[in-house]
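Here are a few short exercises on charged side chains. Have the sequence and the model open while you work through them.

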Amino acid sequence: MFDCKSAVWQLSSEPCGHKRSSSWGRTYSFTSAVSRGCVLEDEDRDVKAGAQAALQVFLTNSANVFLLEPCTEVPLLLKEQVDACKAVLSIFRRMIMELSMNRKTWEQMLQILLRITEAVMQKPKENQTKDTFAQSMAGLLFRTLIVAWIRANLSVYISRELWDELLSVLSTLTDWEELINEWANIMDSLTAVLARTVYGVEMTNLPLDKLSEQKEKKQRGKGSSFCFSESVSSDTSLGCGADVDIALVAWQAAEDDPEAGSAVGTGEDPAAPRWLQLSPSQEPTNLTESSEFLADDCSVIAGGSLIGWRPDSAAVLWRRILGILGDVNNIQSPKIHAKVFGYLYELWYKLAKIRDNLAISVDSQSTPSPPVLIPPLRIFASWLFKAVMLPSEYKEGKLQAFRLLCAMMSRRQDLQPNSDFL
């Protein structure tokens, strides 16, 4: 039977130079962070048993699997380390999704995930290729970190200082395309939640789509020349039919999560990511119908006591996750910069679609009141104006910025732009 420990020991005495090291480019902040929890000196004198203490000890010790220097010279060892690290993240994922954790445990999980991300996904030095181990972990690690951050903020109050740490780390890792992909997918999911909880619009069941379907059915009934086929919405014809698929991006691939379909028959959307699903006691209310709720209490993210998806938590999380990359015009790679601005156009289109579906009468018998709240369709303006002033090597990103500016200004304005904007 292959003994991984003995293999690592043997390799340490061989010329390849691979050795077990607690440094591996890891900073003191990482090693100190993973040693927190129930092992601080002052707490060592007052050890307490219980579920939360056990979880904190597990978080501390399991993080050490990421401290072994990857041995790229021995593919088998590298694969085994990647598998071990993915197994640890899988356990973290179970904790995030299924366990009740207090504020201290959540904070420790976020700190450890942050330090792991900071250490493993170090920005490669100039003319240096990205680490094979880091590339293997990138997508899963970024996804776990961001989703953990969202779930934590739905359960306990997370300090602004921790949010600043997240921004500080991720804004230095924007050369990783995997980070951009995970951020975009999660923003799509958050936009669907924002539409439902704040604006009362279901992205999968839009009023204008219903009207289009009704019109098509009437046209079908008027003549015999229409063939029987699936109706195609106007969004599909514009190439936006994949919005639903993007917004319902899974927490992980189906083959990695056999329980992904367990929501069938429970009244929840089986296609929705599990981290977005709510228990009946956490059903969201529309902001326009929740004046009593706002007067009495607010979500934990605003310092209140209400947990789960609420109008205020959905709005705050959407805005904060949007900004976790920092100033996107500081992205060094022109290719990734263009990718981000291409995505911002897609995100803006979703916001515009939410706006277009507010105060729509589906039965044509009533006249809805004008919407009290409208989506922030000019929220990207400062990024766009800065982007168009970038050097010529950012040509693709600049074109995407001009494209979005034109779309933004050519549609009907709910509020007239001020003179500075114009």
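The exercises below deal with salt bridges in this predicted model.

**Exercise 1.** Find out how many salt bridges there are.

Solution. Start with the cut-off: a side-chain nitrogen of Lys or Arg has to sit within 4 Å of a carboxyl oxygen of Asp or Glu. Apply that rule and you get 10 salt bridges.

**Exercise 2.** Work out which parts arginine 143 and glutamate 182 tie together, and whether arginine 143 is buried or exposed.

Solution. First, check the pair: the closest N and O atoms of arginine 143 and glutamate 182 are 3.0 Å apart, and the two form a salt bridge. Next, place them: arginine 143 is in helix H6 and glutamate 182 in helix H8, so the bridge ties together parts 39 residues apart in sequence. Finally, look at accessibility, where buried means under 20%. Arginine 143 comes in at 19%, so it's buried, and glutamate 182, at 11%, is buried too.

**Exercise 3.** Do the same for glutamate 177 and lysine 339: where does each one lie?

Solution. Their side chains meet in a salt bridge at 3.5 Å, N to O. Glutamate 177 lies in helix H8 and lysine 339 in helix H14, so parts 162 residues apart in sequence get tied together. As for accessibility, glutamate 177 is partly exposed at 28%, and lysine 339 is partly exposed at 32%.

**Exercise 4.** Locate the partners lysine 386 and aspartate 327.

Solution. The salt bridge between them spans 2.5 Å, N to O. Lysine 386 belongs to helix H15, while aspartate 327 is in the loop between helix H13 and H14, 59 residues apart.

Key
Residues numbered from 1 in each chain as written. Predicted model: local features only at pLDDT ≥ 70, side-chain atom pairs only at ≥ 80, totals over all residues. Heavy atoms only, no water. Helix = DSSP H or I, 4+ residues; strand = E, 2+ residues; numbered from the N terminus. Buried < 20%, exposed > 50% of the residue type's maximum accessible area, 1.4 Å probe, protein only.
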